[in-house]
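Thanks for coming. I will go through one structure this morning, starting with a term that we need and then moving from site to site.

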Amino acid sequence: MDVSVIIKWNGQEFPILCLGAEDTIGELKVVVQKATGVLPQRQRLLGLKYKGKVAEDDVKLGLLKLKPNMKVMMMGSREESLEEVLAPPPQDDDVINDFDIEEEVIEVEKREENLAKIARRVKDYRVEMLHAPRPGKKLLVLDIDYTLFDHRSCAESGHELMRPFLHEFLTAAYIHYDIVIWSATSMKWIETKMKEIGVTTNPNYKVTFMLDSAAMITVFTAKYGIVEVKPLGVIWGKFPDFYSSSNSIMVDDIRRNFLMNPQNGLKIKPFMKAHLNRDKDRELLKISQYLDDIASLPDLTVLNHKYWERYSCKNEED
Ligand code: MG
């Protein structure tokens with residue numbers, strides 16, 4: 001069962017979709033934060049009662065008897081300055097708070113409620129195709145913020161903040177991989193940024209499609225509470241004839257985005273302080289070589305991308 005509510009806050013309405021009966025109030029608050037910028041602990045959602053009392057964060061939405069598109073008033077204020085509100089959601093904290101996922105992954109990626117959330121995204125999330133998937137190609141999923149672009153530094157134009165060798169990287173990758181962009185922000189922001197730095201208009205490669213935060217899911221981890229992740233299962237479920245765990249690789253500066261598919265994730269060093277690092281950063285060149293080296297493997301699940309930097313040397317020795 002899907003849950004949809006409209007959050008009324010600050011004279012505006014924010015439709016919240018993509019949640020299900022088994023999601024909790026806590027998870028709703030995380031999604032509301034994405035839409036409004038108000039931190040979960042600052043949100044007071046009026047009228048969401050359970051057993052006659054204000055529903056606590058661990059109460060499941062299915063227990064609340066919500067009508068579809070029910071309007072919920074929210075009290076609470078955003079703490080950021082106006083400048084920060086206009087910028088994409090900050091991820092700096094994420095970089096610092098990113099954790100090693102090893103110990104929990106097995107449990108999280110197999111948990112039924114998480115698989116149900118992926119199934120719901122497969123069913124409800126609308127992918128706008130930019131170009132058709134190409135038979136026989138592998139899948140490369142790329143994060144934007146701090147992976148391809150330093151979204152926090154100031155500059156006259158996006159080009160100054162673009163990671164060095166971005167277009168060379170994408171041109172080379174396109175030979176063997178369909179390129180997908182996935183950012184934990186809004187599609188509007190993604191489209192604007194990608195256009196600004198010329199990714200969606202470059203004649204040397206094509207982007208197959210782009211995904212935004214609505215394609216992500218929240219998962220509960222015993223150690224870190226509720227976190228948002230990018231489950232590749234959404235793409236595999238939508239394009240079963242083209243992509244699977246054996247031909248997909250995902251590059252992101254935040255390891256926990258891989259929680260639902262740890263084997264497919266390659267964690268890249270975050271690209272920050274663009275003005276300082278523009279002449280030094282060679283990450284995309286190095287990963288480009290790795291992607292090229294592994295492209296001929298029939299099954300990428302034999303790899304441990306944690307050791308990607310050693311792969312080429314090791315193979316030369318062999
Ligand atoms: Mg990022």
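A residue is called buried here if its relative accessible area is under 20%, exposed if that area is over 50%, and partly exposed in between. Keep in mind that this is a predicted model.

Take Tyr243 to begin with. Its relative accessible area is 2%, so Tyr243 is buried. Phe242 has 29% and is therefore partly exposed. A search of the whole structure gives six aromatic pairs. Phe242 and Tyr243 make up one of them, a tilted pair with 6.0 Å from centre to centre and 45° between the planes. These two residues also belong to an aromatic cluster together with Phe209 and Phe239. Another ring has a charge for company: the charged end of Arg134 sits over the ring of Tyr174, 3.8 Å from its centre.

Next, the magnesium ion. Which residues are its protein donors? They are Asp143 (OD), Asp145 (O) and Asp253 (OD), at 2.1 to 2.2 Å from the ion. Asp145 and Asp253 come from distant parts of the chain, 108 residues apart: Asp145 is in the loop between β7 and α6, and Asp253 is in the loop between β12 and β13. Both Asp145 and Asp253 are buried.

Asp143 has a second partner, since it forms a salt bridge with Lys230, with 3.0 Å between the closest N and O atoms. Here too the pair links distant parts of the chain, with Lys230 in the loop between β11 and α8, 87 residues from Asp143. Asp143 and Lys230 are both buried.

How many salt bridges does the structure hold? The count is 16. Another of them joins Asp23 to Arg120, where the closest N and O atoms are 3.2 Å apart. Asp23 lies in the loop between β2 and α1, while Arg120 is in helix α5, 97 residues away. Asp23 is buried at 1%, and Arg120 is buried at 9%. Both are part of a salt-bridge network that also includes Glu22, Glu27 and Lys117.

For a local example, look at helix α10, where Lys286 and Glu283 are three residues apart, about one turn of the helix. They form a salt bridge with a closest N to O distance of 3.3 Å. Lys286 is partly exposed at 35%, whereas Glu283 is buried at 5%.

Last, the surface. Leu46, Met73 and Met75 make a nonpolar patch of about 250 Å². Met73 belongs to strand β6, and with a relative accessible area of 44% it is partly exposed.

Terms used: Residues numbered from 1 in each chain as written. Predicted model: local features only at pLDDT ≥ 70, side-chain atom pairs only at ≥ 80, totals over all residues. Heavy atoms only, no water. Phe/Tyr/Trp six-rings, centres within 6.5 Å; stacked < 30°, edge-to-face > 60°. Buried < 20%, exposed > 50% of the residue type's maximum accessible area, 1.4 Å probe, protein only. Lys NZ or Arg CZ within 6 Å of the ring centre and 35° of its normal. Donors = N, O, S within 2.8 Å, 3.2 Å for Na, K, Ca; no water. Helix = DSSP H or I, 4+ residues; strand = E, 2+ residues; numbered from the N terminus. Patch = residues over 30% accessible without salt bridge, like charges linked within 9 Å, V, L, I, M, F, W, Y side chains within 5 Å. Areas by Shrake-Rupley, 256 points an atom, 1.4 Å probe, with all protein chains shown as cover. Salt bridge = Lys/Arg side-chain N within 4 Å of Asp/Glu carboxyl O.
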